[in-house]
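Dear colleague,

I am handing over the structure that we spoke about, and I have written my notes on it underneath. Please read them with the model open beside you.

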Amino acid sequence: MFSGAEAAPAGGREAAEYRIEDLAHASGATVRTIRAYQDRGLLPTPERRGRANVYRGTHLARLRQIAELLDRGYTLASIKELLDAWDTGRGLGGVLGLVAEVHGPWTDERADRVSLAELAKTFGGIADEQAIAEAVELGILEPVPGHDDEFLVPSPQELAVAVELHAAGVPLAAISGQLRELRGQVEQIACRFLEFTTEHVFARYLGHRPPTDADAAGAASMVRRLRPLAQQTVDAELARAMRLFATRHLEYHLAADGPTTTAPTGSRPGPVSLPATTIDAVARLVGREHVAEFVTAATEREVNKRALDALTSPTFDS
């Protein structure tokens, strides 16, 4: 007799058996999908009993594994390779661990939600439909099914940056355009870092297709170690570059006889002339011999603060 119960260990109650309709209900797959998986060799052949096929807990477990891998972006062909490797004794635990590491979160940020009314209030009191559409296209906002007036915010920090830039006077269209350009540049950096680490680190783990269970487990461990390095490197280099170019721009605009137009990127810093009253005030404060040191330190502190404020502003409160 067929039942919908889970399989029991040997020596316990009888292992669960399923008709194909029951297996479909338990797994969430359709009968047609189960038959297609059988035809492609993704499911073990069921036991034939009279006119009916009998499925067991192993078939249910396999269907759940397939569903998980499909959710992670694997094709049925690649899933078959993985499952074939597992069936021949090469193991799948390490491979699934590697998949989990790569598809896991690459940031400590937690998604938030924001209502349409909150967005309108934050960005000037009026809901800009075009700006919202662009934000959805860029993935800054994600519609919540069944809630037309609510959005998911995958990166509250990214939205908070947009809020601060808009409050400083930057038009929303300019913010989205800048993000598109920045995203393309960052994706190139990510691609190059991945190629670099694959060549020098992961090539020894991924020499087999699919990799052995031990190699996949080793690669998963290495992903955990190296995952934060790209962001740390970019953070450090961005801070260095922002300080360099922001200082050049500041020096350019502080020059007493300099032009008022924007300094070209990469321009060489020139001498800065400060008003005599400013020099005298600083001299009275720290002494004439420390004026240059004080001005340099104060300038660097202000440049760093302004340059990084947008990147370190608090996350958006819903």
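In this predicted model, Ile189, Val234, Leu238 and Met242 make a nonpolar surface patch of about 290 Å². A patch of this kind is built from residues with over 30% relative accessible area and no salt bridge, with nonpolar side chains (Val, Leu, Ile, Met, Phe, Trp, Tyr) joined within 5 Å and like charges within 9 Å; a salt bridge is a side-chain nitrogen of Lys or Arg within 4 Å of a carboxyl oxygen of Asp or Glu. Areas follow the Shrake-Rupley method with a 1.4 Å probe, and for residues only the protein chains shown count as cover. Helix 10, residues 213-254, gives the most to the patch, with 3 residues, and Leu238 has its place in that helix.

Helices (H or I, at least four residues) and strands (E, at least two) are DSSP runs numbered from the N terminus, and the chain has 12 helices and 6 strands.

Is Glu17, in strand 1, buried or exposed? Glu17 is buried because its relative accessible area is 3%, where buried means under 20%, exposed over 50%, and partly exposed in between. The side chain of Glu17 makes polar contacts (N or O pairs within 3.5 Å, one able to donate a hydrogen and the other to accept it, with sequence neighbours counted only if both atoms are side-chain atoms) with the side chains of Arg49, at 3.1 Å, and Arg56, at 3.1 Å.

Residues are numbered from 1 along each chain as its sequence is written. Local features need pLDDT of at least 70 and side-chain atom pairs 80 or more, while totals for chains, interfaces and linings use all residues, and side-chain values use heavy atoms, without hydrogens and water.

Best wishes

Note on methods. Buried means under 20% relative accessible area, exposed over 50%, partly exposed in between (1.4 Å probe, protein chains only).
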